[in-house]
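Hi,

Here is the structure I promised to pass on. Have a look at it first, and my notes follow below.

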2 protein chains.
Amino acid sequence: MTLDDGTLGEPTAGRWMATEIDEQPAVLAGLLARAPEIGAVGAELARRAPRFVLLAARGTSDHAALYAKYLVETRLGLPAGLASPSSTTLYGGRPALTDVLYLAVSQSGRSDDLIGALTVARECGATTVAVTNAPTSPLAGAAEFTIDIGAGVERAVAATKSYTAELLALYLLLGAVAGIDPGLAAPLPDRAAAVLARHNGSAALTAAAGRYRFADRLITTGRGFGYPTAREAGLKLMETSYLSAQAFSTADLLHGPMAMVDRGVGVLAVVSADAGGRAVRPVVDGLRAAGADVLTVGPEPGTPEAGADNRADSLVVDTAGLPAELAPVLEILPLQRLAWRLALDRGLDPDAPRGLAKETRTP
Amino acid sequence: MTLDDGTLGEPTAGRWMATEIDEQPAVLAGLLARAPEIGAVGAELARRAPRFVLLAARGTSDHAALYAKYLVETRLGLPAGLASPSSTTLYGGRPALTDVLYLAVSQSGRSDDLIGALTVARECGATTVAVTNAPTSPLAGAAEFTIDIGAGVERAVAATKSYTAELLALYLLLGAVAGIDPGLAAPLPDRAAAVLARHNGSAALTAAAGRYRFADRLITTGRGFGYPTAREAGLKLMETSYLSAQAFSTADLLHGPMAMVDRGVGVLAVVSADAGGRAVRPVVDGLRAAGADVLTVGPEPGTPEAGADNRADSLVVDTAGLPAELAPVLEILPLQRLAWRLALDRGLDPDAPRGLAKETRTP
């Protein structure tokens, strides 16, 4: 595959990532059109009456898995954990997994340790599901059920549309297990398009990219449903701009890493319009009072959800009227644009970060 | 409490942290003397026949919880997860926790969200255990069972002896559930003393501190039982020296963060003498071949466990003859010394990092 494949005109740095960011409303709409099919799998999972949920993933997909963990804990009322594939693939563990729902999330479906860990999980009695963009991949072949996230070919190494597609696919699947009306997600394509339009070369986005033009280090933070967004934003910035963007749950930030925060290290905080966001707000206020540079992602200034956070340096994401668990699909969007813009400003090609291959084989 | 409390002579930066690092062999010996008492709790937990284990912790204790997760998965053969306290404390989740063993790990036993999450877990049917240095703390009061890690008062803000005490207490407790002979841990105090003596102002340690004297960023990595050590080492370096020390499972390092690694960002890799370490070694070799600066922590050069890693820039930790799951108690020791030494070299006081209180209250 060459950068100039003749379909999009001149080769341009970051062209694929930009295109894939903009494809997200259509990808989300495609998934919603398949909600009945995904819901049927969810209904079958509900019949199995799982008592525990394990999630296995790497990289960007691990942040979608973390999102799903919060969904399981808060909406299914079940305990959940992120699986450590090495326990089975390296240490030979054979856990007792009857009554366990085991979800592996992978864009490519080709990560060897995920395939190995899911295979062992299935042998040990778990109900296994592959959530993947590659429904004919080895991971899908190894799983009892497959959910195709249908994001289409993803060419930029920094994943964008596959991330939001994984979030929505997991919402539709686990929502069906919990009996949640999938219609609640119907506004997402239009809302995503609105967020992307708002931050297409917006003054706020340009200012944010300018602010980090020479930054080496950044801390990203969030809590609850905002935490996966903070982690995914950190990874995008690392992948495309080589920033040391370290993500912390806002609760963990108070235990140690706070020592790192000073006027030289910026903080990017996801302040959602929910209980998680309300727990982040006093920490943001404290950081600002101490002189730290804080950029927030959150609701429209002046709305009750935004509280006192009405600074011009917020990246606004309007989530009003949506359930809290759908906000992550929208809140990552300006941060994807920010990672793309910052890489270009730094003279880098966000489509082809150094040291990375699109399919990562874990030894 | 003042720095000069009259008991240790002149106030000296890092005195408490140095003292507490050196207390570890005695703390480990004290815990081993209480192995029967801890084993009795483990036997009672085994009678409950838990089917799933949840671990809740913050900061340093979260790394001990991650260690316990690997123990549960590999030696108890049960699925395990790290609990997200916010799911219950912020979002009001009431998960079904019958058959669940819920372990909260906290030095101080005073973190409000851990107390809240454990209380909800107990109400929801879980068997609850507090693993803490404060057996009369609110967390211990809220739990059905308490394991006192017996580390004594910890005055340095950067936790050291409470971390290794948590590791050994969790090993003794979960080992008793699994029927493992606690005598396997008997050599630990002497072995810990030997590791500490070896790295007390050793040339290797001095060289490592010198190497990072002006570093702003560092990546720490490990896999399996080596991964909690990589995370705890990263946190120590952040807390005491304000380095951006970002920890990645070696498997995740290949998914994105690798883009960050270049000749300007050092890598500190835990290469244990087990299956986890063997999976790290080819990644270390690849990083070195690409010109990255890699410092390893691992077995004696020339031994079969060390493989080709016989460079002078290794911090050697002799774990020969010990079960793989006890190596983390020893492998963190030179890294604690490194964090202490580096802070002093930078003119900082590792006893009193800025922005941190010893007991962290999570809002």
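I'll start with a helix pair: α3(A) and α8(A) lie oblique to each other, because their axes cross at roughly 45°, and angles from 35 up to 65 degrees fall outside both the roughly parallel and the roughly perpendicular ranges. Bear in mind that this is a predicted model. For orientation, α3 covers residues 35-48 of chain A and α8 covers residues 161-178 of the same chain, and the two axes come within 7 Å. The crossing of α3(A) and α8(A) is right-handed.

On the α3(A) side, the contact involves Ala35(A), Ile38(A), Gly39(A), Val41(A), Gly42(A), Ala43(A), Leu45(A) and Ala46(A). From α8(A) come Ala169(A), Leu172(A), Leu173(A), Ala176(A) and Val177(A). Sorted by class, the contact of α3(A) with α8(A) has 11 nonpolar residues, two polar and no charged.

Helix α8(A) also packs against α2(A), which spans residues 24-33, at an angle of about 25° and with the axes 10 Å apart. That angle makes α2(A) roughly parallel to α8(A), and this crossing is right-handed too. Here α2(A) brings Gln24(A), Val27(A), Leu28(A), Leu31(A) and Leu32(A), while α8(A) answers with Lys161(A), Thr164(A), Ala165(A), Leu168(A), Ala169(A) and Leu172(A). The tally for the contact of α2(A) with α8(A) is eight nonpolar, two polar and one charged. Note that Ala169(A) and Leu172(A) turn up in the contacts with both α3(A) and α2(A).

Next, the sheet. Chain A has an open sheet of five strands with parallel pairing, in the order β7-β6-β8-β9-β10. Strands β7 (244-249) and β10 (314-316) of chain A sit at the edges with a single partner strand each, so one side of each has no neighbour in the sheet. On average, neighbouring strands of this sheet are turned by 20° against each other, direction ignored. Further in, β8 (residues 266-270) and β9 (residues 294-298) of chain A pair in the parallel sense over four bridges. If you want a spot to click on, Ala269(A) has Thr296(A) in β9(A) as its bridge partner.

Finally, the two chains. Chain B superposes on chain A through a rotation of 180° with 0.0 Å of shift along the axis, at an RMSD of 0.0 Å. That is the relation of a two-fold axis. In chain B, the C-alpha nearest the axis belongs to Gly81(B), 1.8 Å from it. Both copies use the same surface, as 100% of the contact residues of chain B recur in chain A.

Cheers

Terms used. Residues numbered from 1 in each chain as written. Chains lettered and ligands numbered in written order. Predicted model: local features only at pLDDT ≥ 70, side-chain atom pairs only at ≥ 80, totals over all residues. Heavy atoms only, no water. Pairing = 2+ DSSP bridges. Helix = DSSP H or I, 4+ residues; strand = E, 2+ residues; numbered from the N terminus. Axes fitted to C-alpha atoms, helices over the stretch in contact; angles between N-to-C directions. Parallel < 35°, antiparallel > 145°, perpendicular 65-115°, else oblique. Left-handed = near helix turned anticlockwise from the far one by under 90°. Contact = heavy atoms within 4.5 Å. Nonpolar A, V, L, I, M, F, W, Y, C, P; charged D, E, K, R; others polar. Least-squares fit on C-alpha atoms with pLDDT ≥ 70 in both.
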